Amino acid sequence: MRKGSVKEVLAKIKYDPREREENYHIIIAHRGAYGDVKKIPVGMIELGRGYFFVGEAQIPYHRILRVVRRDGKVIWKKRG
């Protein structure tokens, strides 16, 4: 499951022509949301250095808990 950093996993999903980003979403820690987590389609994010962007919002990579494929398979999971 966990092969590389979350940024590497997301870059592969977004830029590898064999992948389709609409088949993936991320789960982030988000205080105030139901269950303190939020689901975001990978197609909505833009990758940065220490952060990713959803529209104007800048979110640090360390808030990503999981990267999940549409069929429910967890591709990447945060340790701990």
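What pattern does the chain follow when read along the sequence? In this predicted model, the order of elements is α-β-β-β-β-β-β-β. The secondary structure thus described amounts to one helix and seven strands.

The overall dimensions provide a first frame. The C-alpha atoms fill a box of roughly 35 × 25 × 20 Å along the principal axes. A compact globule with 80 residues would have a radius of gyration near 12 Å, and the chain, at 12 Å, agrees with that expectation. Of its 80 residues, 30% count as buried. The accessible surface comes to about 5600 Å², and carbon and sulfur atoms hold 51% of that area. Among contacts in the chain with a separation of 6 or more, 48% are made by residues 24 or more positions apart.

The sheet may be considered next. Four strands form an open sheet in the order S2-S1-S6-S7, with antiparallel pairing. Strand S2 (37-41) and S7 stand at the edges; each has a single partner strand, so one side of each is left without a neighbour in the sheet. From one strand to the next, the twist averages 20°. Helix H1 packs on this sheet and touches S1, S6 and S7, its direction making about 30° with that of S6.

The pairings can be followed across the sheet from S2. S1 and S2 are joined in the antiparallel sense by five bridges, and in this pairing His 25 stands opposite Pro 41 in S2. On the S6 side, five bridges link strand S1 (residues 24-29) with strand S6 (residues 64-69), again antiparallel. Here His 25 stands opposite Val 68 in S6, while Tyr 24 has Arg 69 in S6 as its bridge partner. His 25 therefore serves as a reference point for reading both pairings of S1, with Pro 41 in S2 opposite and Val 68 in S6 opposite. S1 is also mostly covered, since five of its six residues are buried.

S6 continues the sheet to strand S7 (residues 74-77) through three bridges, and these two strands run antiparallel. Within this pairing, Val 67 has Trp 76 in S7 as its bridge partner. S6 and S7 form a hairpin with four residues between them, and Gly 72 in the turn has a positive phi of about 100°.

Which residues touch the most other members of the largest nonpolar core? This core contains 16 residues, and the residues in question are Leu 10, Ile 26, Phe 52, Ile 64 and Val 67. Helix H1 (6-15), S1 and S6 each supply at least two residues of the core, and the largest share, four residues, comes from H1. In soluble globular proteins, nonpolar side chains tend to be buried together.

Leu 10 illustrates how the core draws on separate parts of the sequence. Apart from its neighbours within four places in sequence, Leu 10 is in contact with Ile 26, Val 42, Ile 45, Leu 47, Tyr 61, Ile 64 and Val 67. Among these contacts, Ile 26, Ile 64 and Val 67 are also named with Leu 10 as core residues that touch the most other members. Val 67 links this description back to the hairpin, where its bridge partner is Trp 76.

Methods:
Residues numbered from 1 in each chain as written. Predicted model: local features only at pLDDT ≥ 70, side-chain atom pairs only at ≥ 80, totals over all residues. Heavy atoms only, no water. Pairing = 2+ DSSP bridges. Core = buried A, V, L, I, M, F, W, Y, C linked by side-chain atoms within 4.5 Å. Buried < 20%, exposed > 50% of the residue type's maximum accessible area, 1.4 Å probe, protein only. Contact = heavy atoms within 4.5 Å. Axes fitted to C-alpha atoms, helices over the stretch in contact; angles between N-to-C directions. Rg over C-alpha atoms; globule rule 2.2 N^0.38 Å. Areas by Shrake-Rupley, 256 points an atom, 1.4 Å probe, with all protein chains shown as cover.
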